[in-house]
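Student: I am new to this structure and would like to understand the words used for it. Could we go through them together?

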Amino acid sequence: MWWKILLLIWICGVMVAVFLLPAPQSQLGEISRIFFFHVPVAWIAVLAFLISFVFSLLYLRKKDLIYDAKASIASRLGLLFVILATISGSIFAKSTWGTFWNWDPRETSIFILLLIYGAYFALRSAVESEERRAALSSVYAILAFITVPFLVFVVPRIYQSLHPTDSVINVKLHLQMPPPILITFIASLLGFTLLFIWIFKLEFEINKMSNKLTEE
Amino acid sequence: MSSNYVTMIVTLVIWIGLFFYLLRLDRKIKKLEKKM
C-alpha cells in the first residue's frame, strides 16, 4: 500500500514540476509542456508491447497459460496507452499544426500500430479453445512486436515529419536535454511506469480470480 | 485557444482515460466479489 501512496505524491509532484521547473521551449511556448505527458504515455505503450512479446515467447517455450494471460494484459494496456498518446497528440496537432490529423509519419505509424494490436484482440476473441488461442496469439504478438521498433523509431526518422525527431535522443543515441527538462521527463516516465505496473498487477489479480471461479 | 488551456486539456484527457480504465477494473472486481 505504501508505494501506492508514494506514487500519488510522486505524480502530484510531477504535475507541479511540469508547469514550474522547465522553461517553455522557445518556438512552441507553453504548449511544449505536453511533451512531459504525451511522450511518457507513448513510451509506456512500447514497454507494454515489449512485455507482451516477452510473455508470448515464454508461453511458446513453457506452454503455461499464465504467460498467455500476462501477454494479453500487457497488449491491452499497450493499446490503452497508444489510444491516450493518439488523442493527446491530436489535440497538440490541432493547436500547433492546425488539424487534428496530418498523416505525419509518426501519426501514420501509430495508426498502423492501433490496427495491428486491434487485430490481436480480434484474433483472441475468434478462437474458442484456450490452448489454441494462446498459441496463435503468442505467435501473432511476437510478429506484431517486430514491427514496433520499425514503426516507432525508424519510420519517423526516414520520412520528413512534423514531429521533432531528436527531441529525446539524437541520432548519436545521446540524451540531449537541459537538466530541468531531463529530470522532469524522467520523473514523469517513472510515475507512468509505476502506474502501469499497478494496473498490470490489478488486471492479473482479476484474471486469477475469474479463473478460480470458472474452475469451481 | 491559449497554450496553457491546450496543455491542460491534454493532461486531463490522459488522466480521465486512465481513470475510466481503473473504473472498469473496479467494476470487474466488484462483479467477481459478488460471485465469490
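Student: What makes residues of chain B and chain A part of the contact, and how many does each chain give?

Tutor: Two residues are in contact if their C-beta atoms, placed from the backbone, lie within 7 Å. Chain B gives 18 residues and chain A gives 22 residues. On the chain B side, 11 are nonpolar, five polar and two charged. Ala, Val, Leu, Ile, Met, Phe, Trp, Tyr, Cys and Pro count as nonpolar, Asp, Glu, Lys and Arg as charged, and the others, Gly among them, as polar.

Tutor: This is a predicted model, where local features need pLDDT of at least 70, side-chain atom pairs count only at pLDDT 80 or more, and totals for chains, interfaces and linings use all residues. Residues are numbered from 1 along each chain as its sequence is written, while chains are lettered from A and ligands numbered from 1 in the order in which they are written.

Student: Why are helix 4 and helix 5 of chain A called roughly antiparallel?

Tutor: Helix 4 (residues 105-126) of chain A packs against helix 5 of chain A at an angle of about 175°. Angles over 145 degrees count as roughly antiparallel, so the two helices of chain A get that name. Their axes are 10 Å apart.

Student: Why is A:Ala135 called partly exposed?

Tutor: A:Ala135 lies in helix 5 (residues 130-158) of chain A. A residue is buried with 20 or more other C-beta atoms within 10 Å of its own, exposed with 12 or fewer, and partly exposed in between. A:Ala135 has 17, so A:Ala135 is partly exposed.

Note on methods
Helices (H or I, at least four residues) and strands (E, at least two) are DSSP runs, numbered from the N terminus. Axes are lines fitted to C-alpha atoms, for helices over the stretch in contact, and angles run from 0 to 180 degrees between N-to-C directions. Angles under 35 degrees count as roughly parallel, over 145 as roughly antiparallel, 65 to 115 as roughly perpendicular and the rest as oblique.
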